Every structure is written in C-alpha cells, then in structure tokens.
Amino acid sequence: MVADLLVAVAAAGSAGVVYLAAAARVVKQYERGVLFRLGRVSGDVRTPGLNLIIPFVDRLQKVNLQIVTLPVPAQEGITRDNVTVRVDAVVYFRVVDAASALVKVEDYKFAVSQMAQTSLRSIIGKSDLDDLLSDREKLNQGLELMIDSPAVGWGIQVDRVEIKDVSLPDTMKRSMARQAEADRERRARIINADAELQASKKLAEAAQQMAETPTALQLRLLQTVMAVAAEKNSTLVLPIPVELLHFLERGGRPSPPDRDRDRDRDRDQGQEQDRGPSPGHTDGGPQLPVTGTGSAPQVPVIDTGGPPQTPVTGTGSAPRVP
C-alpha cells in the first residue's frame with residue numbers, strides 16, 4: 001500500500017516537473033513576448049522574466065526590441081539633372097509595438113528593407129547630383145520620413161537613415177576633377193593677382209619715400225649687398241642705381257643747356273660748309289657770269305682802257321686771262 005502511494009507521488013511529481021518545463025518560458029530583458037492562445041492574441045505583452053503558458057494551447061512568440069541595423073542594397077537611378085548614380089544606405093529601426101509587428105506585417109524586417117529601397121530610388125530621382133554629394137543631411141531626413149510613415153502602422157520606429165556612398169561613372173569623376181582643378185587654379189590666380197596689387201602699392205609708397213630721401217636708396221643698396229653676401233656665393237652681384245649711371249654719363253661734359261647750344265651751332269656751320277661759295281663769286285669784287293662748255297669754265301675779258309679784246313674760251317685745265 002505504501003509502495004503504491006510512493007509510486008503515485010513520484011509519478012505526480014514527474015508529471016508536474018514535465019508540465020512545468022513545458023509551460024515555463026523565459027523572456028530576456030531586450031525581448032517582449034506575445035501570447036497566442038488558440039491562434040488569438042491573449043492578454044498583454046509578456047515582460048522580461050519567467051512566464052507560464054498552457055502547453056499545447058498557448059504559444060509565446062518573442063520579439064527583439066533592440067535597434068536593428070539594416071543595410072540597403074545599392075540602387076541605381078538617374079538624378080534630376082540626368083546623371084546615372086548608384087546609391088546605398090543603411091537604416092536604423094526598432095520595434096516599439098511587439099503585437100503589431102507580428103500581427104500587421106508578415107516579416108517586418110523584409111518589409112522595412114523593401115520600403116527603404118523604393119524610397120531611396122524615389123529620392124534619387126527627385127534630387128540633383130550636387131545635393132547627393134553635399135546636402136546629404138537633408139536627403140537623410142527625407143528618406144527617414146518616407147520610410148517611417150508606413151512603418152508606424154507596423155509598430156516600428158525608424159531612428160535614422162544614412163546614405164553611405166554615391167558611386168559615379170568614371171567620365172563624371174574625370175569631369176568633376178577637371179572642374180575642381182579649374183576652380184582651384186582660378187582661386188590661385190586671384191590670390192596671386194591680389195598679392196601683386198598689394199605689393200605694387202607698397203612698392204609705390206616705398207619709391208615715393210625714397211624719392212623724398214635719396215639717402216634711403218643708398219641704404220637699401222647696402223642692405224641688398226649684405227643679403228647677397230650672406231648666401232656664401234662666390235660671385236657678388238652689385239646692383240647700380242640708374243641715377244648713378246646718369247651722373248657718370250654727364251661727368252666732364254657741359255650742362256644740358258650749353259650742350260644743346262653747342263650742338264645747334266655745329267649744325268649751322270655744317271650746313272654752311274655743305275653749301276660752299278656761290279659760282280662767280282670773288283671776295284671784294286663783282287660776281288661774274290660763267291658759262292661752261294668743257295671741263296674748265298669760260299672767263300670773260302675785262303676792259304682795262306686799251307684796245308678792245310676778244311673773249312678767250314678756255315679749252316684746257318685752267319682759264320687764260322689776257
């Protein structure tokens with residue numbers, strides 16, 4: 001009798017242990033449990049800890065509430081300015097309503113992934129290339145809004161959406177590189193021109209100051225000589241001011257007014273020598289007309305009070321005068 005009782009107690013204990021093992025469910029801290037009793041959601045969401053269910057009647061399904069990092073595959077599209085690009089992104093979301101995530105959507109991860117892909121394609125077609133490259137924060141906010149709107153009804157909250165990379169064709173990369181190089185060169189030329197302008201203004205001021213004080217030019221010359229000599233060169237280049245060359249050029253010569261007067265006098269004398277004496281002109285006597293038929297001129301006979309003379313025509317090298 002006692003033996004039968006002990007066997008019954010042992011069998012009941014074993015059955016209780018088996019029932020307890022089948023009914024006990026442990027929900028972790030980052031999970032929530034949704035209880036389905038005969039296919040219907042029963043009661044509230046089970047909190048973390050030990051939870052008991054009715055075996056073969058209840059089914060407890062756990063939902064992870066941690067933030068899920070979902071990579072979005074690269075999507076190829078054409079921007080608003082007709083540039084073909086490939087853009088990939090990443091979505092950060094988490095479940096805020098475990099029952100809705102299980103009941104209202106079959107696979108919430110797959111649904112969020114597909115929604116992110118379609119939203120990414122749509123945002124590519126509405127944006128320019130410059131916006132994709134420089135204004136990503138605004139595009140991220142637009143993507144987050146487009147994905148979060150339908151996900152709220154699934155019990156999912158989208159925390160953040162980030163565009164990871166924008167792939168461009170090689171031709172577009174080369175064009176952008178040339179554009180950036182041209183812009184850098186333009187800025188460099190502007191800076192160089194501005195520096196030249198400022199330097200010219202300072203040089204003009206320095207020249208004006210040196211013109212008022214000629215000694216400053218000599219001091220500047222000595223400073224230049226010292227700077228050249230400090231380089232340990234075997235050849236010393238000594239710059240000579242232009243004013244010093246002008247002074248050496250005027251050395252031993254008359255002053256500019258006297259030099260101009262002498263030059264005018266020499267020119268007048270040269271012109272008189274080139275003209276020479278006029279034909280038939282003799283100093284102290286009248287001018288005689290001369291007609292030449294050969295190499296020697298004809299000299300007329302001058303009446304001196306005697307018998308009349310006939311003129312003699314010179315046929316030699318010298319005229320014959322009676």
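**Phe56, a three-stranded sheet and a nonpolar core**

User: Is Phe56 buried or exposed, and what is its relative accessible area?
Analyst: This is a predicted model, so everything here is computed from it. Residues count as exposed when their relative accessible area is over 50%. Phe56 goes past that cut-off and is exposed, with a relative accessible area of 86%.

User: Where is the place of Phe56?
Analyst: Strand E4 covers residues 49-52, and strand E5 covers 58-64. Residue 56 falls in the loop between E4 and E5.

User: Which residues make the nonpolar surface patch of about 590 Å²?
Analyst: Exposed Phe56 is one of the members. Leu38, another member, sits in the turn of the E2 and E3 hairpin. The full set is Tyr19, Leu38, Ile54, Phe56 and Val57.

User: What is the phi of Leu38?
Analyst: E2 and E3 form a hairpin with two residues between them. Leu38 is in that turn and has a positive phi, with a value of about 55°.

User: What is the strand order in the open sheet of three strands?
Analyst: E2 joins E5 through seven bridges, running antiparallel. E2 also pairs with E3 in the antiparallel sense, over two bridges. That puts the order at E3-E2-E5.

User: Which strands stand at the edges?
Analyst: Go by the sheet order, E3-E2-E5. Two of these strands have a single partner strand each, so one side of each is left without a neighbour in the sheet. They are E3 (40-41) and E5 (58-64).

User: How many of the residues of E2 are buried?
Analyst: E2 spans residues 31-37. Buried means under 20% relative accessible area. The strand is largely enclosed by the rest of the structure because the buried count is five of the seven residues.

User: What is the bridge partner of Arg37 in E5?
Analyst: E2 and E5 run antiparallel. Glu31 in E2 bridges to Asn64 in E5. For Arg37, the E5 partner is Asp58.

User: And what is the bridge partner of Phe36 in E3?
Analyst: This one is on the E2 and E3 pairing, which has two bridges. Phe36 has its E3 partner in Val41.

User: What does Lys62 count as at its relative accessibility of 39%?
Analyst: Lys62 is in strand E5, and it touches Val26, Glu31, Arg32 and Gly33, leaving aside residues up to four places away in sequence. Buried is under 20% and exposed is over 50%, with partly exposed in between. At 39%, Lys62 counts as partly exposed.

User: What separates the C-alpha atoms of Lys62 and Arg25?
Analyst: Along the chain, Lys62 and Arg25 are 37 residues apart. In space, their C-alpha atoms are separated by 10.0 Å.

User: Which element gives the most to the largest nonpolar core?
Analyst: That core has 36 residues, and Val85, Val91, Phe93, Tyr108, Leu120 and Ile156 have the most contacts inside it. Elements giving two or more residues include E2, E6, E7 and E8 among the strands, and H2, H3, H4 and H5 among the helices. With seven residues, the top contributor is H3.

User: Which residues does Phe93 touch, not counting residues up to four places away in sequence?
Analyst: Phe93 is among the core residues with the most contacts inside it. A contact here means heavy atoms within 4.5 Å. By that cut-off, the list is Gln66, Ile67, Val68, Leu70, Tyr108, Lys109, Val112, Ile156, Gln157, Val158 and Asp159.

Key: Residues numbered from 1 in each chain as written. Predicted model: local features only at pLDDT ≥ 70, side-chain atom pairs only at ≥ 80, totals over all residues. Heavy atoms only, no water. Pairing = 2+ DSSP bridges. Helix = DSSP H or I, 4+ residues; strand = E, 2+ residues; numbered from the N terminus. Core = buried A, V, L, I, M, F, W, Y, C linked by side-chain atoms within 4.5 Å. Buried < 20%, exposed > 50% of the residue type's maximum accessible area, 1.4 Å probe, protein only. Patch = residues over 30% accessible without salt bridge, like charges linked within 9 Å, V, L, I, M, F, W, Y side chains within 5 Å. Areas by Shrake-Rupley, 256 points an atom, 1.4 Å probe, with all protein chains shown as cover. Salt bridge = Lys/Arg side-chain N within 4 Å of Asp/Glu carboxyl O.
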